[in-house]
Every structure is written in structure tokens, then in C-alpha cells.
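Visitor: I am new to protein structures and would like to learn how to read one. Could you take me through it step by step?

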Amino acid sequence: MKVKDYDRNVFINCAFDSKFIDLFRAIVYTVHDCGFIARCALEKGNNEGVRIDKIVKIIEQCKYGIHDLSSIEITAESPLPRYNMPYELGVFMGCKHFGEAFQTRKDFIVLDSEPHRYKQLISDLAGYDFLPHQNNPNTLIAIIRDWLSGTRAKQLPGPKYYQERYERFLKDYPKLCQSLGYDAATLNFKDYYALVSAWIQEENRKLLESAIEE
Amino acid sequence: MAKSRKVRSDIRIGTLEKKLGLEPGSIRNPDGTDARSNKKLETLRKEFTKAKSGKIKTNPTISTKSISRAAKAVSELSSGKFVANKSKPATKVVKAVTSKPKAKSSIPKKAKRAIKPKGGAKAK
């Protein structure tokens, strides 16, 4: 069954460890600032049943998907490649192909840090555009904004608008964490999301008020 | 210097964006969605006032309580009333203790009533 905000839900499939946290936070921010709702596996606790069941449930509730495969590379810390991201991409694509009528209208982008690397990793996906973000949050913001703008009838403001706003958010972020007693480096998804949504709402309100005063 | 006219509250959002030279789609609803271009400024202001009390439509797993807390911190920061967390819990604890003096006074009263002899006899 189609859930209430299905057309606004965006499933984020990327690594959540400290190395990728900046990219993940930039994605969550941009998705929310563009008027969509960020959803990911972190929104449910680890002790609430089987992890993959929760992920499948979230995928079912999302029309859009952002899949970042940049973190599947082998490092000294993880000597084997990580298959979580490609696996969840597969579930998303399966849902799109075999799901109900509204599920077939799912849309997604696949991201990687470097262009054309996917040909060695996952050559079956040839033909899909793997958008390279070079592990740069600003490039990532522009990619996501451009893609989400295309999904809407009304165009969104340009990438620079979102990059500047994110920069301002990052300046306020440590102060907000301090006032709430949070640790800015290890803040969990739910609290981060609450901060992002409250900050964006305040910015939108201020923009409206300043427009009236001028 | 010539004074510009005040923006009327019945102006449409699309017109307002054009008038102020903002990019289309810059002015948004409180929940972050696009504000319709034919929406009145007055309506949007009312919605923002309502949303101040924590009624933001977001991820269903995020509790309203945490959104309200975050909204309070953000509004404090933007209004220049930023306070670091260190002093906050201490003041709350002190208030909680001092605001319940009844609990202490009820025990001696009950004890006095129990000691007081029946039949109106006066204690010497």
C-alpha cells in the first residue's frame, strides 16, 4: 500500500561510518532543503528486528533512492569489499521492476567517488549514469539538487543557493549541538534530522520575514 | 531617499519572488515543500506561525519532542539568546527541589494531630 508521503520519501543508501559521515550529512541536508524527506536504515534502532526487513520496509515507502557506492573499496581497516550498498540497490531495483504499479515509478541515482569505476565493480549496470562526487560535499549537493529538481514540476533554486545555506548550517551546527548537550561528531541520525529540519524551517521563515521588511 | 512601498499581505508568492529578485522556489512552506506561486503571503505567514509550535511534517520516525527541542535551540540561536548547555540542567534541578516544600511540612502536621489528645483536653 502506498504510504502518505511516498512521493516525498528519499531512501539514502550509503556508508554511515565516520569516514563518510560528512557526505551522508550533506545528503540528508540537501534532501530536506529541497522539500523531500530523507529515510535511511539508521532511523530504526538496531534492536528492532531483522535489519534487512527494516530496510526493505523503508524502500517500499520511498519513491526515490540515492545509492552511493563509493565506500565499497578495500582499505586496511576493511580488507573485504562491503556489499551492503550494492545489495540495497538491488532490492530497490527489484522493487521498481516487480512491485505494484506505483512502485514501478520509482526513480534513483547511483553515485560513486570516481567516474567509470563502476565498470570494474558492477558492469551489469552499464547504461546507468554513475555520478562522480569526488568525495566533495559541495559536488554532492549540486548533483542531488539537480536530480531532485528534475523530479518536480516547479524548479528548485540553483545549487549555489543550497551550498551557501549548507555552509551556514555547518557554522551553526556546533553551537546548536552545544546548546542541546549533543556531541557534534557522533550525533545520531534522528537528532541530526531534527536539527536540520528546525534550522531549515527557521531559515525559510527568516527569508519570508526579510522579504516583507524590505 | 525614496521610501519603497510596504509589501501587502495579499501579494502572491510568485509575484513576491519576482519583485524581490529571488530565485523561483526560494520561498517555501514551513515543511520545506514548494509554496504554490498563487498562494497568498498572509496564508504562508499564518502557516509559519502555526508551525512554530513544532508542527513540522518530516520523517515519521522523528519524534515531535525532539523537533520541538531542536526548534527551540534554533530560535534561541537566531535571536541571539544562545546559552551553552552547562548551566541548563543545574538550574532545572534546583527548581525541582525547592518547588515542593509541602512534602516536608505535611509530616509534622500529621504527627501533631496524632499526639493531640481526644476530647479537647488541653496539654499542660
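Guide: Gladly! Let us begin with a term: two strands pair if DSSP finds at least two bridges between them. Keep in mind that this is a predicted model. With that term in hand, look at β5(A), where A:Phe130 is the bridge partner of A:Val110.

Visitor: How many bridges join β4 of chain A to β5(A), and which way do the two run?

Guide: There are three bridges, and β4, covering residues 107-112, runs parallel to β5(A).

Visitor: What holds paired strands together in general?

Guide: Strands of a sheet pair through backbone hydrogen bonds, and the pairing can be parallel or antiparallel. In chain A, the sheet is open, has five strands and is paired in the parallel sense. Reading across, the order is β2-β1-β3-β4-β5. From one strand to the next, the twist averages 30°.

Visitor: Which are the edge strands of chain A?

Guide: They are β2 (37-39) and β5 (130-132), each of which pairs on one side only. Now walk across the sheet from β2(A). This strand pairs with β1(A) over three bridges, and A:Arg39 in β2(A) is the bridge partner of A:Phe11. Next, β1(A) and β3(A) are joined in parallel by four bridges, with A:Asn13 partnered by A:His67 in β3(A). Then β3(A) and β4(A) pair over five bridges, where A:His67 stands opposite A:Val110. You have already met A:Val110, whose bridge partner in β5(A) is A:Phe130.

Visitor: How should I think about the side chains on a strand?

Guide: In a regular strand, the side chains alternate between the two faces of the sheet. Try this on β3(A): A:Tyr64, A:Ile66 and A:Asp68 point one way, while A:Gly65 and A:His67 point the other way.

Visitor: Are those residues of β3(A) buried or exposed?

Guide: All of them are buried. To judge this, we call a residue buried if 20 or more other C-beta atoms lie within 10 Å of its own. The strand β1(A) can be read in the same manner. On one side it has A:Asn9, A:Phe11 and A:Asn13, on the other A:Val10 and A:Ile12, and all are buried. Because five of the five residues of β1(A) are buried, the strand is largely enclosed by the rest of the structure.

Visitor: Which strands does helix α3 of chain A lie across?

Guide: Helix α3, residues 84-98, lies across β1 (9-13), β3 (64-68) and β4 of chain A, and runs at about 155° to β3(A). The helix α3(A) has 15 residues and reaches 21 Å from its first C-alpha to its last, close to the 21 Å expected.

Visitor: Which residues of α3(A) are buried?

Guide: They are A:Met85, A:Glu88, A:Leu89 and A:Phe92. Seen down the axis of α3(A), the buried residues fall within an arc of 105°, so they line one face of the helix. Their packing partners are β1, α2 (51-60), β3 and β4 of chain A. On the other side of α3(A), A:His97 and A:Phe98 are exposed.

Visitor: How many residues of α1(A) are buried?

Guide: Eleven of its 13 residues are buried, so to speak of α1(A) as mostly covered is fair. Among them are A:Leu23, A:Phe24 and A:Arg25. Just after α1(A), A:Gly35 takes a positive phi of about 95°.

Visitor: What is the secondary structure of chain B?

Guide: Chain B has five helices and zero strands, and along the sequence its pattern reads α-α-α-α-α. Of the 124 residues in chain B, 17% are buried.

Visitor: How many residues of chain A are in contact with chain B?

Guide: In chain A, 40 residues are in contact with 37 residues of chain B. On the side of chain A that touches chain B, α1 (21-33), β2, α6 (159-180) and α7 (189-213) each supply at least two residues. The most comes from α7(A), with 18 residues. By class, this side of chain A has 17 nonpolar, ten polar and 13 charged residues.

Definitions and conventions. Residues are numbered from 1 along each chain as its sequence is written. Chains are lettered from A and ligands numbered from 1 in the order in which they are written. This is a predicted model: local features need pLDDT of at least 70, side-chain atom pairs count only at pLDDT 80 or more; totals for chains, interfaces and linings use all residues. Axes are lines fitted to C-alpha atoms, for helices over the stretch in contact, and angles run from 0 to 180 degrees between N-to-C directions. Two residues are in contact if their C-beta atoms, placed from the backbone, lie within 7 Å. Ala, Val, Leu, Ile, Met, Phe, Trp, Tyr, Cys and Pro count as nonpolar, Asp, Glu, Lys and Arg as charged, and the others, Gly among them, as polar. A residue is buried if 20 or more other C-beta atoms lie within 10 Å of its own, exposed if 12 or fewer, and partly exposed in between; C-beta atoms are placed from the backbone. The expected span of a helix is 1.5 Å times one less than its number of residues. The arc is that of the directions from the helix axis to the C-beta atoms.
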